[in-house]
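Student: I have a model open and would like to learn how to read its features. Could you walk me through a few?

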Amino acid sequence: MNELAAYFSSISSAHRSLILVLGITFFWVIENAFPLFQFQYKKWKHAGINFFLTFTTILVNFCLAFILLFATQLTHENNFGILNWIPEIPLWLFAIIGLLLLDLISAYLAHWIQHRVKWLWRFHLIHHSDTWVDTTSANRHHPGESVIRFVFTTIGVIIVGSPMWLVFLYQTLSVVATQFNHANIKFPKKLDAILSYIFVSPNMHKIHHHYVLPYTDSNYGNIFSIWDRLFGTYLFMPVEDIQFGIDTHMKSEENNKLIHLLQIPFQKKIDKK
């Protein structure tokens with residue numbers, strides 16, 4: 001565990017980018033071999049839109065990374081945050097508690113709030129507009145949402161009192177988890193069900209991408225599924241019945257054109273979910 005902490009304390013941007021690329025490549029190959037849905041789409045064109053939005057997410061996080069560094073230094077120097085207030089514990093337990101709390105605040109809570117606050121939903125809607133959810137959909141976020149998510153991550157870091165190595169570990173696990181959860185892979189149902197008691201499984205998350213309520217407002221988790229079960233936001237439906245997209249933007253020109261996707265949050269009127 002000490003070696004893992006040391007690695008993530010000094011992990012380079014190149015290594016983090018490599019993990020992202022290798023993750024997408026791995027799940028891309030798997031979903032081509034064992035697809036859950038036989039999508040009738042131009043995979044590379046679809047991926048091109050999502051890759052552009054992934055790049056903007058990377059750019060936002062890279063440009064604002066100094067804020068996270070400052071936040072971790074601030075909590076350390078002032079002995080602030082939950083992890084700094086608990087008694088000394090083994091490093092592995094410290095990491096698990098930290099990951100759980102970061103996932104709760106930076107992912108689950110952030111996601112839940114984006115579904116509840118109208119102007120935040122305008123940005124998050126772009127992620128839900130994808131009617132062909134695959135591993136490239138994982139980081140299909142409007143640049144505005146990337147900033148919003150970064151704000152929640154920073155808040156999470158301050159409240160948790162997370163050291164920088166734990167932040168990098170969390171972000172790495174988060175990237176791989178979301179690529180896995182969005183991948184169009186036919187995952188064994190029994191294994192998926194077992195996995196979903198602790199972690200967010202592929203079938204569990206895909207329910208969140210069903211195009212109508214109440215399923216759109218369920219299964220908010222990113223890494224750990226326990227928050228959905230604990231707070232009553234877990235829902236189940238047969239994966240075969242899922243239809244991807246969002247019912248207010250089901251036309252191709254609304255969900256498959258980059259320029260339009262970037263403009264959606266700033267339109268005068270967006271119908272409610």
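Tutor: Happy to; we will look at a helix, then at aromatic rings and charges, keeping in mind that this is a predicted model.

Student: How many residues does helix α3 have, and what does α3 reach from its first C-alpha to its last?

Tutor: Helix α3 covers residues 43-63, which makes 21 residues, and reaches 30 Å, close to the 30 Å expected at 1.5 Å a residue.

Student: Which residues of α3 are buried?

Tutor: A general idea helps here: with 3.6 residues a turn, an α-helix has residues three or four places apart pointing the same way. In α3 the buried residues include His46, Ile49, Asn50, Leu53, Thr57 and Val60. The buried residues of α3 pack against α2 (13-33), α7 (118-128), α8 (143-160) and α14 (258-263).

Student: And how many aromatic pairs are there?

Tutor: The structure holds 18. Take Phe26 and Phe27: their ring centres are 5.1 Å apart and their planes meet at 75°, over the 60 degrees cut-off, so the pair is edge-to-face.

Student: Is Phe27 buried or exposed?

Tutor: Phe27 is buried, at 9% relative accessibility. Phe27 also forms a tilted pair with Phe180, 5.8 Å centre to centre with 40° between the planes. Phe27 lies in α2 and Phe180 in α9 (residues 164-182), so this pair ties together parts 153 residues apart in sequence. Phe180 is buried too, at 18% relative accessible area.

Student: Which residues do ring pairs link into a cluster?

Tutor: Those are Phe37, Phe39, Tyr41, Trp132 and Phe244.

Student: Where does the charged end of Arg229 sit?

Tutor: Over the ring of Tyr234, 4.1 Å from its centre. Lys43, one of the buried residues of α3, lies over the face of Trp28, at 4.5 Å from the ring centre.

Terms used
Residues numbered from 1 in each chain as written. Predicted model: local features only at pLDDT ≥ 70, side-chain atom pairs only at ≥ 80, totals over all residues. Heavy atoms only, no water. Helix = DSSP H or I, 4+ residues; strand = E, 2+ residues; numbered from the N terminus. Expected span 1.5 Å × (residues − 1). Buried < 20%, exposed > 50% of the residue type's maximum accessible area, 1.4 Å probe, protein only. Contact = heavy atoms within 4.5 Å. Phe/Tyr/Trp six-rings, centres within 6.5 Å; stacked < 30°, edge-to-face > 60°. Lys NZ or Arg CZ within 6 Å of the ring centre and 35° of its normal.
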